[in-house]
Amino acid sequence: MLLERAREARQRLGDALHDRVTESLYSEARRIASRAVSVGGKPDLLSRRLDSLLTNRLTGFPVMFLLLVGVFWLTIAGSNFPSALLGTLTTDTLYGMLHAGADRIGAPWWLTGLLIDGVYLAMAWVFSVMLPPMAIFFPLFTLLEDFGYLPRVAFNLDRLFKSVGAHGKQSLTMMMGYGCNAAGIVSTRIIDSPRERLIAIITNNFSICNGRWPLLILMGTIFLGAAAPPALASLIAAGSVVGISLLGVVFAMGVSLFLSRTWLKGEASAFSLELPPYRPPRILQTLYTSLIDRTLIVLKRAMIMAAPAGAVIWLIGNVHVGSDSLAAHLVNLLDPLGLAIGLNGVILLAYVVAIPANEIVIPTIMMLTLTLAKSSLASAGVMTEFESVQTREILTEIGGWTVLTGLNLMLFSLLHNPCSTTLLTIWQETKSLKWTAVSALLPLALGFAVCFLSALVARAIWSL
């Protein structure tokens, strides 16, 4: 009876109830404030001019795009040198010292291989690749938030997300996902509606996290950029990476629309947003909170998840069944499926064992390619990384990769299951095995379908 009366009242009041209540609240607040508060001085002309630029229908989106590109460029360019420095320190100097120490105490080869070549190297790759970009991206993101710009982004994108049944704040969680999907999942707490929050959680994987940027940049440079004239190589390479990231937004919108029309039916809730005033960012406080609350927590989770992956990678490279290693058997098993979607068995196996951390996909691919080819550059079970030119030579001449392989690897990097750190975070946030499984399998199914279609089209064109 009570529910029936509530349903009747809901129909009588119409869909704009929330908007009307919000409008009444703000009107009443304005009326009370006008009676109790005296406003002196000049109006804030700077804020008005900034808002006319940043929230304008014509200029809001271009400015937002340029700021996004600027943040990405600073993150990618700024993290190159510290990543290389940390890589040299952890995978050369400390790695050599650990081996020397193990030799000195007479540790058995299998224990040294498992702990140093497997567990330690995986954690070292994650540490050196993840820490610099996160230490740059998160503070930049927080500075924009502190300045008051991020609420304007949500304001600009609200109508677009509302049209697919999602919430405008989903745009903020997606931007956080560009640093780390696990952090993006946690940030969905800012969305009040459980239905819209669940949509934001499931689609956050389409934001390319910093663990996937190195692979996209490498593939865009050595395959797509190298296939273009030298004068346009850098432009084509950068354009391919930006194109993949924009494609991620398209998939996020499409999947949001699908979910809001099927499993998570419902109307998008009204988005009442009070734009805060612009204010000077608090730089020292931002650096501290970004480093402690976001960077170190996410890095710790990733390194914990990478340790067992390193052990698995070393074991499949060194445990033999018959005359071949376990890795060779698994690659042969996965090869037909991989080749059908324009990839190969080595790539699929690398993604299986690298579920804990996307950062170790490329070193694992290089290790598997060289080990299976019995190259003198290989050391079974030891993850390896080379310079770009040498990587291209190894992948094309030894691995038999083509431009299609590089392009489809970029697509598969965008559309595959979240890493285990993100999956653990999804389960902690939803407490639902069902939605955690959907979050893992839905993008994976999209990845296989899109790569299969891409391979089909490419082979049809090349056969003409």
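User: Which residues line the second largest cavity here?

Analyst: This is a predicted model, and in it that cavity is lined by N181, N205, R212, N358, H416, N417, P418, C419 and T422. The cavity has a volume of about 30 Å³. A search of the whole structure finds 2 cavities of 30 Å³ or more.

User: What makes up that lining by class?

Analyst: There are 6 polar, 2 nonpolar and 1 charged residues. Arg counts as charged, and R212 is on the list of lining residues. Pro and Cys count as nonpolar, which fits P418 and C419 in the lining.

User: Let's pick H416. Why is H416 called buried or exposed?

Analyst: The cut-off for buried is under 20% relative accessible area. H416 has 2% relative accessibility, so H416 counts as buried. H416 sits in the loop between α17 (403–414) and α18 (420–430). Its C-alpha atom is separated by 8.2 Å from that of L441, although the two residues are 25 apart along the chain.

User: And how do you know whether helix α7 is enclosed or open?

Analyst: Count the buried residues. In α7 (residues 170–177), 8 of the 8 residues are buried, so the helix is largely enclosed by the rest of the structure. Those residues are Q170, S171, L172, T173, M174, M175, M176 and G177.

User: What about K431, is that residue buried or exposed?

Analyst: Exposed means over 50% relative accessible area, and K431 reaches 58%, so K431 counts as exposed. K431 lies in the loop between α18 and α19. Its phi is near 55°, a positive value in a residue other than glycine.

User: Why does L456 get neither "buried" nor "exposed" as a label?

Analyst: The label in between, partly exposed, covers values from the 20% cut-off to the 50% one. L456 has 49% relative accessibility, so L456 counts as partly exposed. L456 is found in helix α19 (residues 433–462). L456 also belongs to a nonpolar surface patch with F452, L453, V457, I461 and W462, and together they have about 640 Å² of accessible area.

User: What makes E28 and R31 a salt bridge?

Analyst: The rule asks for a side-chain nitrogen of Lys or Arg within 4 Å of a carboxyl oxygen of Asp or Glu. The closest N and O atoms of E28 and R31 are 2.6 Å apart, so the pair meets the rule. Both lie in helix α2 (residues 17–36), 3 residues apart, about one turn of the helix. E28 has a relative accessible area of 37% and is partly exposed. R31, at 40%, is partly exposed too.

User: How do you know that D51 and R152 pair up?

Analyst: Their closest N and O atoms are 2.8 Å apart, and the limit is 4 Å, so this is a salt bridge. D51 lies in helix α3 (residues 45–54) and R152 in helix α6 (residues 150–163), so the pair ties together parts that are 101 residues apart in sequence. R152 has a relative accessible area of 2%, so R152 is buried.

User: What about R195 and E196, where the N to O distance is 3.5 Å?

Analyst: That distance is within the 4 Å limit, and the two side chains meet in a salt bridge. R195 and E196 are both buried.

User: Which residues are linked in a network of salt bridges? And how many salt bridges come out by this rule?

Analyst: The network links R189, R197 and E429. The count comes to 6 salt bridges.

Definitions and conventions
Residues are numbered from 1 along each chain as its sequence is written. This is a predicted model: local features need pLDDT of at least 70, side-chain atom pairs count only at pLDDT 80 or more; totals for chains, interfaces and linings use all residues. Side-chain values use heavy atoms; hydrogens and water are left out. On a 1 Å grid over the protein atoms alone, a cavity is a set of points where a 1.4 Å probe fits but cannot get out, and a pocket is an open set with protein on both sides within 12 Å along at least five of seven lines; lining residues have an atom within 4 Å of a point. Grid points are joined across faces, edges and corners, and a volume is the space filled by probe spheres set on the points. Patches are made of residues with over 30% relative accessible area and no salt bridge: like charges are joined within 9 Å, nonpolar side chains (Val, Leu, Ile, Met, Phe, Trp, Tyr) within 5 Å. Accessible areas come from the Shrake-Rupley method with a 1.4 Å probe; for residues, only the protein chains shown count as cover. Helices (H or I, at least four residues) and strands (E, at least two) are DSSP runs, numbered from the N terminus. Buried means under 20% relative accessible area, exposed over 50%, partly exposed in between (1.4 Å probe, protein chains only).
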